[in-house]
Amino acid sequence: MGFVENLKQKAAQNKKRIVLPEGYEERTLRAADQVLAEGFADIILIDDEENIRKNVEKWGLKNIDKATIVDPKKNPKKAEYANLLFELRKNKGMTIEKATQLAEQNLYLGCLMIKAGDADGEVSGADSATGDVLRPAFQIIKTKLGNSVVSGAFLMFLQNKEYGENGVMVFADCAVNPVVTAPQLAEIAVATGKTARVLGGFEPRIAMLSFSSKGSAKNEVVDKVVEATRIAKELAPDMQIDGELQADAAIVEAVAAKKAPGSNIAGKANVLIFPSLEVGNIAYKLVQRLGGAEAIGPVLQGIARPVNDLSRGCSVSDIVKMIAITADQAQEN
Ligand code: ACO
């Protein structure tokens, strides 16, 4: 069975409520229809109910009756959610008036529903910029206990099955944190290892990447990766983590034998941790475009409840996949 089929099957075993705040958006509505037909998650659509019904008819969708529709303007829980937001953010200057306005905005409402326990996860971004999806999630849902930073991982399905875990690798951070400290990088490594376990279904072998392997170069940015490796090993003694490693030493055994002899993961890493967002974001796109890999993500990790962001160029099938991923992450919570 393929990766996505596995995710769907797992999701169906313990169905979760996934909220889609962009209920007005065609690909989102079509994806919702498909998920409801397949029955692996419950769907909550946010938007003007009349508008949704009109579009359902226009696009000939047959399964949306099984979704719960939350109309932001007519939502009976509007005051409750506004109060929740006010309480969460009053120390940051939130007023009840502002909270009441925000509780009517689709992206805030989705996160408030999750915080209130009325939904288990969210998928959005087909029509919104990354920052607009992430900001309410960071403000309302916040990080998981023991985490201080949310990051974005990509599951990479490579053409060459000799690399990673039979051709599957997890890359991070490719989406969120422009600049990280060593402790944050360590945390991202451990969170990515957990993502590999939950979504990839394999035991992570984590390489902390740099332009240096085991002291071959000296620079403060290398020192950061060395320090992050030390902290990551302390944070997760049950995970195989090593660094600092160059990308070739991380994934090619013959190179690893020369550059990092004795390393338990060099040459066979299946999780790659990049030293900055610039590197991670560029690397995943190059592997995708030049290497012909399928990239699924970004999958947000380190957040207290799953919220996942879509690319604005996403297809209906990308959204369906992301709903399956989010449902599986919600089971772990
Ligand atoms: N993890 C957890 N919380 C965070 C994080 C994080 N990584 N970043 C910010 N926060 C929290 C802050 O602590 C703050 O909380 P508070 O208000 O309770 O104190 C809140 O989020 C807002 O923080 P700001 O610093 O004001 O956040 P800002 O809105 O400026 O930026 C954002 C956050 C939008 C995620 C920013 O980091 C960003 O733009 N990142 C890059 C995203 C991007 O463009 N990625 C590339 C495209 S994606 C792709 O190609 C797949």
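This report walks through the ligand site of a predicted model and then turns to one aspartate.

## Who surrounds the ligand

Let's start with the residues around the ligand. There are 19 of them, and Arg89, Arg135, Val150, Ala175 and Asn177 come nearest. Sorted by character, the shell holds nine nonpolar, five polar and five charged residues.

Two elements give two or more residues each to this shell: helix H7 (130-141) and helix H12 (277-289). The largest share belongs to H7, with five residues.

## Polar contacts to the ligand

Both side chains and backbone take part here. On the side-chain side, lysine 92 places a polar atom 2.8 Å from an oxygen atom of the ligand, and asparagine 281 has a polar side-chain atom 3.0 Å from a ligand oxygen. From the backbone, a polar atom of valine 176 sits 2.8 Å from a nitrogen atom of the ligand.

How much of the ligand does the protein cover? On its own, the ligand has 1,000 Å² of accessible area, and the protein covers 62% of that.

## A buried aspartate

Aspartate 173 is worth a look of its own. You will find aspartate 173 in the loop between strand S6 (168-172) and helix H8 (182-200). Aspartate 173 is buried but has no salt bridge; lysine 224, the nearest side chain of opposite charge, is 11 Å away.

What does the side chain of aspartate 173 reach? One partner is the backbone nitrogen of glycine 152, at 3.0 Å. Another is the backbone nitrogen of valine 176, which lies 3.0 Å from a polar atom of the aspartate 173 side chain. Valine 176 also has the backbone contact to a ligand nitrogen described above.

Methods. Residues numbered from 1 in each chain as written. Predicted model: local features only at pLDDT ≥ 70, side-chain atom pairs only at ≥ 80, totals over all residues. Heavy atoms only, no water. Near = heavy atom within 4 Å. Polar contact = N/O pair within 3.5 Å; in protein donor to acceptor, adjacent residues only side chain to side chain. Areas by Shrake-Rupley, 256 points an atom, 1.4 Å probe, with all protein chains shown as cover. Helix = DSSP H or I, 4+ residues; strand = E, 2+ residues; numbered from the N terminus. Nonpolar A, V, L, I, M, F, W, Y, C, P; charged D, E, K, R; others polar. Buried < 20%, exposed > 50% of the residue type's maximum accessible area, 1.4 Å probe, protein only. Lys, Arg positive; Asp, Glu negative; His and termini not counted. Salt bridge = Lys/Arg side-chain N within 4 Å of Asp/Glu carboxyl O.
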